Amino acid sequence: MRKILWAAAALSSLVAATPAFAVGGLSFIIDGDTFSQPYSITNTSTAGEKVVSFGFDLSSTNFVFDTKTGGVPNSSVGVPFTPRNNTDTLTGLVKPVTVADGATFFQIDFTNFTVGKTFSWDIDVDSSKSNGNVTVYGNELIGAKAFVDFSNDLRANGVLQAVSGKPRASAFSVVTVTPTPAVPEPATWAMMILGFGVVGYALRRRAVALPQVA
């Protein structure tokens, strides 16, 4: 019984000691023709968090990014990823950004995407099917996934959902909030590779040292 009470007390103290992070906010809506309308994301955080990364994923839909004229099905004219109105400089977009023709995902990173700033870009979306629609509207991307990483080491994962009063639109809605996935530093990668090499060398020496059985 004492062990149970001690464990409960330890758990409650751990929860109390865990800092409460504010979840950053992001406004992202696609309204109208995805070929002619620019895309925009705005940092709407309320506690000063910067937007560090943004990822856009169409793999759960029947659409792809059409960045090359004459490329993916129905691609009479493709539009590559192109920042608009100097918002790349304003937000510190990390370049270069290359989105392959027919890709279903891209991620962009920033160094100075502070609260209240907006990043805008052009890119075409097309059907992945040869007999699909050439014109794709925002509401057809409902169900597509996106995420945004904030400077407080939290990631907001969400999907595009319908927008009331806007029949041709979809907007980003947060579903879960998780810690930002850690990316090993170059020194960490070097140590891991060295460790694998040492283990492999040791196993090889051990195999050579084993007596041969006739």
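In this predicted model, the side chains of R84 and D122 meet in a salt bridge, with a distance of 3.2 Å from N to O. The pair links distant parts of the chain, since R84 sits in the loop between β5 (82–83) and α2 (87–91) while D122 belongs to strand β7, 38 residues apart. The two partners are not equally accessible: R84 has a relative accessibility of 29% and therefore counts as partly exposed, whereas D122, at 17%, falls under the 20% limit and so counts as buried. Strand β7 itself comprises residues 118–122. The surroundings of D122, leaving out residues up to four places away in sequence, consist of P38, V79, P80, F81, T82 and R84, each of which D122 touches. The link between D122 and R84 also appears as a polar contact of 3.2 Å between their side chains.

The count of salt bridges comes to 4, and two others can be followed here. In one of them the side chains of K95 and D88 meet at 2.6 Å, N to O. K95 is exposed, because its relative accessible area of 52% is over the 50% limit, while D88, at 11% relative accessibility, is under 20% and therefore counts as buried. In another, the side chains of R155 and D149 meet, again with an N to O distance of 2.6 Å, and here R155 and D149 are both buried.

D149 leads on to the largest pocket, which has a volume of about 190 Å³. Of the 12 residues that line this pocket, the closest to its centre are V52, S53, D149, T180 and P181. Strands β3 (51–57), β6 (105–113) and β9 (145–150) each supply at least two residues of the lining. In chemical character the lining is evenly divided, with 4 nonpolar, 4 polar and 4 charged residues.

Ahead of strand β3 the chain passes through the loop that follows β2 (39–43), and S45 lies in this loop between β2 and β3. What is the relative accessibility of S45, and is the residue buried or exposed? The value is 6%, and because this is under 20%, S45 counts as buried. The side chain of S45 takes part in polar contacts with two other side chains, that of N43 at 2.8 Å and that of E49 at 3.5 Å. Apart from its neighbours within four places in sequence, S45 is in contact with G24, G25, V115 and F150.

A further buried position is V64, in strand β4 (residues 63–66). The relative accessibility of V64 is 8%, which is under 20% and so places this residue among those that count as buried. Which residues does V64 touch, once those up to four places away in sequence are set aside? They are L58, V72, G102, A103, T104, D124, V125, D126, S127 and S128, so that the list includes the uninterrupted stretches 102–104 and 124–128. For S128, the C-alpha atom is separated from that of V64 by 5.8 Å, although the two residues are 64 residues apart along the chain.

Terms used
Residues are numbered from 1 along each chain as its sequence is written. This is a predicted model: local features need pLDDT of at least 70, side-chain atom pairs count only at pLDDT 80 or more; totals for chains, interfaces and linings use all residues. Side-chain values use heavy atoms; hydrogens and water are left out. Helices (H or I, at least four residues) and strands (E, at least two) are DSSP runs, numbered from the N terminus. Buried means under 20% relative accessible area, exposed over 50%, partly exposed in between (1.4 Å probe, protein chains only). A polar contact is a pair of N or O atoms within 3.5 Å; within protein, one must be able to donate a hydrogen and the other to accept it, and residues adjacent in sequence count only if both atoms are side-chain atoms. Contact means heavy atoms within 4.5 Å. On a 1 Å grid over the protein atoms alone, a cavity is a set of points where a 1.4 Å probe fits but cannot get out, and a pocket is an open set with protein on both sides within 12 Å along at least five of seven lines; lining residues have an atom within 4 Å of a point. Grid points are joined across faces, edges and corners, and a volume is the space filled by probe spheres set on the points. Ala, Val, Leu, Ile, Met, Phe, Trp, Tyr, Cys and Pro count as nonpolar, Asp, Glu, Lys and Arg as charged, and the others, Gly among them, as polar.
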